[in-house]
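These are my notes from a session of looking things up in a structure that was new to me. I kept the entries in the order in which I turned to each topic.

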Amino acid sequence: MNRRITVLPEEVASKIAAGEVIERPSSIVKELLENALDAGATDITIELRSGGKELIRIVDNGAGIAPGDVPLAFERHATSKILTVEDLYDVKSFGFRGEALPSIAAVCRVEMSTRRRGDVAGTRIAVENGRILENEAVGCPEGTSIAVSRIFDSLPVRKKFLRQDATEQGHCLDIIVRVLLPHGAVRAKVLTASKTLLEIPRTGNLYERIVLLLGSDLRNHLVSVAENSPAVSLSGFVSRPDFTRSSTRNMFFYINGRYVRNVLLSQAVMGAYRNLLEARKYPACALFIELSPETIDVNVHPAKLEVRFRRPQDVRELLQRSLSGALSGVRPASQATQGGAAAPGRSGVYEALRRYSLSAGIAARQPMTTATRPMEDVPDFSPGQDGLFPSMEGGKEQVSFASLDYLGQIEGTYLVFSAPGVMILLDQHAAHERILYERLKQSTGGNLEVQSLLIPEILEMNPRDFNLLIASRDMLQEAGMEVEAFGENTAVVKSVPALVAHTDVKALVGEILDGIADSGIPRDEKRNRILIGLACRGAIKANQALTADEVRQLCRDLDSIPFASNCPHGRPVFIELPAVAIERMFKRT
Ligand code: ADP
Ligand code: MG
């Protein structure tokens, strides 16, 4: 190791740089796809052999490259997208580092044919291990076709780390879906040597594209969000709390059209679902955040998958506020009015999209390379200043609980209702639990009605529970429970919140202590768990007969609170069985 310092030869330096940008075949796919979008392509074909390990070919109908520029495109830090450092803070294209093509060509063989619209001839170039092998004028279609082969042949270590074809292909499909999701004006096809893997049609309906790409089981489980603040605008869809997944893989975030991973954003989303989801369950979402380019730094990650916000707090607050608003209003949906239901042609979402003028958004996303991004009659989804779906909120109709027709109770636990096109089952305990929790939450720290116990309840406890109870006295007091020590390992409860006054006090205390026993739980969460414990014990039980009047009151109460879709533990309050599903069971459709 005792060598003198030497500047690394260009070939070594470029392989090291390539290693950062090109981790696996899907990284190549991402870079090429983004180049095609930057070139204004509306038709893209992607071919993968052996999961992208053997060959990746991407053909686009974009702007093409001028003959003289073709060899330059393979030089490091050569780009048509920025010129000055200031431009870095106003990047509207996907690319700007001028690193992708040279990086790919440093560790693979790249063959490209390209022709600008209107040019009589195109150019064909072959580059391998950073060296240009061929560069000639040819006849070829307008647009650009790039074939990448001999992937990582010159980096055997990295080649060894590649997984099975199916795994690599999965990574490629994943990135294709993520990058293309918001670009409704782009049609794409993904092929292998023997079959078509994915066909993405052009669409003016973002809802339809999300359902197509993220799974049709999401249909009817999405709520739209749209919110603007002076600095940030947000639009998109989040899943209703009745649709959950076991990983965060279905959370998609876009900043100014660019797919990004961002902990702040996923935390903000999870914050909005707090007390709506069971433990280790995650929502699906596709959220589009638009802010002015100078308020973010996109140059923090070699593959540009991460961004930094200048004012992260603004973004977090906007996200949490608007998602909470959307989720708080989730009610059973009459199938006749639900957005994106069986007849998407007439859905609110579709209508809203048709009415929405997208010109502002398209102008904002113009790639700098080309002055012409074809204005298709199919709109791009790039949100304009008014957000993506400005007219959608008005179209969002769901139905109230009180308006449902009550049919009866089954198993002493589930209330059965009907509404146009749908049958609804309501869990009476989960429903009442949510009502009590929301009421307690609204009234703690001020106007909470407290019931003093005529005969204070004396509890003999084990030392651990006793100490926990006494240590939590102030938090319990805020929640309406007055507790005092009453001798060794004995406590006395003098009052409880009036809302749960009828409940067995010993059971209430036991439930609360179970919730807050873990010393690692932060104080705020302990306060929350005290309310959950009170609501859980205070709520109507399963196996309890209810009169029709009681059911009506329960429905009115549900209508009066936010977040009525799930109990505070995250379990659903109601389940919808659409008439079409019933018809299917009877084999009528
Ligand atoms: P960057 O995208 O950061 O500019 P790249 O290395 O990915 O850097 O590409 C270099 C240049 O090659 C781009 O700036 C663009 O001018 C041109 N280019 C690459 N791919 C395409 C394409 N599919 N269509 C048109 N031009 C392209
Ligand atoms: Mg690029």
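Is R331 buried or exposed? I begin by noting that the model is predicted, and then I find that R331 has a relative accessible area of 11%; because the cut-off for buried is under 20%, R331 counts as buried.

**Entry on R331**

I looked up where R331 sits, and its place is in the loop between α8, residues 312-328, and α9, residues 348-355. A polar atom of the side chain of R331 lies 2.7 Å from the backbone oxygen of I561. When I leave out residues up to four places away in sequence, I find that R331 touches R240, Q398, V399, F401, L558, D559, I561, A564 and F574, so I561 appears both in this list of contacts and as the partner of the polar pair.

**Entry on ligand 1**

Next I turned to ligand 1, which is surrounded by 20 residues, the closest being N35, T79, S80, K81 and G98. I sorted the residues of this shell by character and they divide into 8 nonpolar, 8 polar and 4 charged.

I then checked individual atoms against the oxygen atoms of the ligand. A polar side-chain atom of S80 lies 2.5 Å from an oxygen atom of ligand 1, and for K81 a polar side-chain atom lies 2.7 Å from an oxygen atom of ligand 1. With R97 the backbone is involved, as one of its N or O atoms lies 3.1 Å from an oxygen atom of ligand 1. On its own, ligand 1 has 530 Å² of accessible area, and I note that the protein covers 94% of that.

**Entry on helix α3**

Which helix gives the largest share of the shell around ligand 1? I find that helix α3, residues 100-107, does so with 3 residues.

I went on to ask how enclosed this helix is, and since 8 of the 8 residues of α3 are buried, the helix is largely enclosed by the rest of the structure. The buried residues are A100, L101, P102, S103, I104, A105, A106 and V107. What covers them includes the helices α1 (10-21) and α2 (25-38), together with the strands β3 (109-115), β4 (122-128) and β6 (143-149).

**Entry on cysteines**

Last, I looked for disulfides, and the structure holds 0 of them. I also looked up two cysteines: C108 is buried, with a relative accessible area of 2%, and C555 counts as buried at 4% relative accessibility.

Key. Residues numbered from 1 in each chain as written. Chains lettered and ligands numbered in written order. Predicted model: local features only at pLDDT ≥ 70, side-chain atom pairs only at ≥ 80, totals over all residues. Heavy atoms only, no water. Near = heavy atom within 4 Å. Polar contact = N/O pair within 3.5 Å; in protein donor to acceptor, adjacent residues only side chain to side chain. Areas by Shrake-Rupley, 256 points an atom, 1.4 Å probe, with all protein chains shown as cover. Helix = DSSP H or I, 4+ residues; strand = E, 2+ residues; numbered from the N terminus. Nonpolar A, V, L, I, M, F, W, Y, C, P; charged D, E, K, R; others polar. Buried < 20%, exposed > 50% of the residue type's maximum accessible area, 1.4 Å probe, protein only. Contact = heavy atoms within 4.5 Å. Disulfide = S-S within 2.5 Å.
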